[in-house]
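Here are a few short exercises to work through with the coordinates open. Try each one yourself before reading the solution.

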Amino acid sequence: DPSRAAALVQQRLRDGGQALQRRIGNAYQSVADAWGLGIAKVPAVVVDRRYVVYGEPDVARAAARIETYRRTQP
């Protein structure tokens, strides 16, 4: 029932307060940023809005791969 679902979402947004609304806003901003960078699939780790590692869900390992790449480039 679409109207019941809408009412439930509105209630949850009210119950979550501004903290929840901020978290949702940040999540949407992150999705928009990824889309703007051309991220086409997940998982993807982005560093400095310049480097992307696809397929590595471990952020520390992805960052290490990026750092290794940076050291090898002039």
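**Warm-up: the segment after helix 2**

Q73 is partly exposed, because its relative accessible area is 37%. Q73 sits in the segment that follows helix 2. Its C-alpha atom is 33 Å from that of A27, a residue 46 places away along the chain.

**Exercise 1. Confidence**

Find which element of the protein has the lowest mean pLDDT and which has the highest.

*Solution.* Keep in mind that this is a predicted model. Start with the overall figure: the mean pLDDT is 92, and 100% of residues reach 70 or more. Then go element by element: strand 1 (residues 44-47) comes out lowest at 90, and helix 2 (residues 59-72) highest at 94.

**Exercise 2. An acid in a loop**

Decide whether E56 is buried or exposed, then list its contacts beyond its sequence neighbours.

*Solution.* First, place the residue: E56 is in the loop between strand 2 (51-54) and helix 2. Next, check the area: E56 has a relative accessible area of 13%, so it is buried, the cut-off being under 20%. Now skip anything within four places in sequence, and the contacts left are P43, V45, R61, A62 and R65. Closer along the chain, a polar atom of the E56 side chain lies 3.0 Å from the backbone nitrogen of D58.

**Exercise 3. Rings**

Search the whole structure for aromatic pairs and classify what turns up.

*Solution.* The search gives one pair. Y51 and Y69 are the partners, with centres 6.2 Å apart and planes at 65 degrees, so the pair is edge-to-face, given that the class needs over 60. Y51 belongs to strand 2 and Y69 to helix 2, 18 residues apart, and the pair links distant parts of the chain. As for accessibility, Y51 is buried at 16%, while Y69 is partly exposed at 44%. For another ring, look at Y54: the charged end of K41 sits over it, 5.4 Å from the ring centre.

**Exercise 4. Salt bridges**

Work out which residues are joined into one network by salt bridges that share partners.

*Solution.* The whole structure has four salt bridges. One of them pairs R70 with D48 at 2.0 Å, N to O. R70 is in helix 2 and D48 in the loop between strand 1 and strand 2, so this bridge ties together parts 22 residues apart in sequence. Another joins E67 to R70, with the closest N and O atoms 3.9 Å apart. E67 and R70 are about one helical turn apart, because three residues separate them in helix 2. Put the two bridges together and the network is D48, E67 and R70.

Conventions. Residues numbered from 1 in each chain as written. Predicted model: local features only at pLDDT ≥ 70, side-chain atom pairs only at ≥ 80, totals over all residues. Heavy atoms only, no water. pLDDT = per-residue confidence, 0-100. Helix = DSSP H or I, 4+ residues; strand = E, 2+ residues; numbered from the N terminus. Buried < 20%, exposed > 50% of the residue type's maximum accessible area, 1.4 Å probe, protein only. Polar contact = N/O pair within 3.5 Å; in protein donor to acceptor, adjacent residues only side chain to side chain. Contact = heavy atoms within 4.5 Å. Phe/Tyr/Trp six-rings, centres within 6.5 Å; stacked < 30°, edge-to-face > 60°. Lys NZ or Arg CZ within 6 Å of the ring centre and 35° of its normal. Salt bridge = Lys/Arg side-chain N within 4 Å of Asp/Glu carboxyl O.
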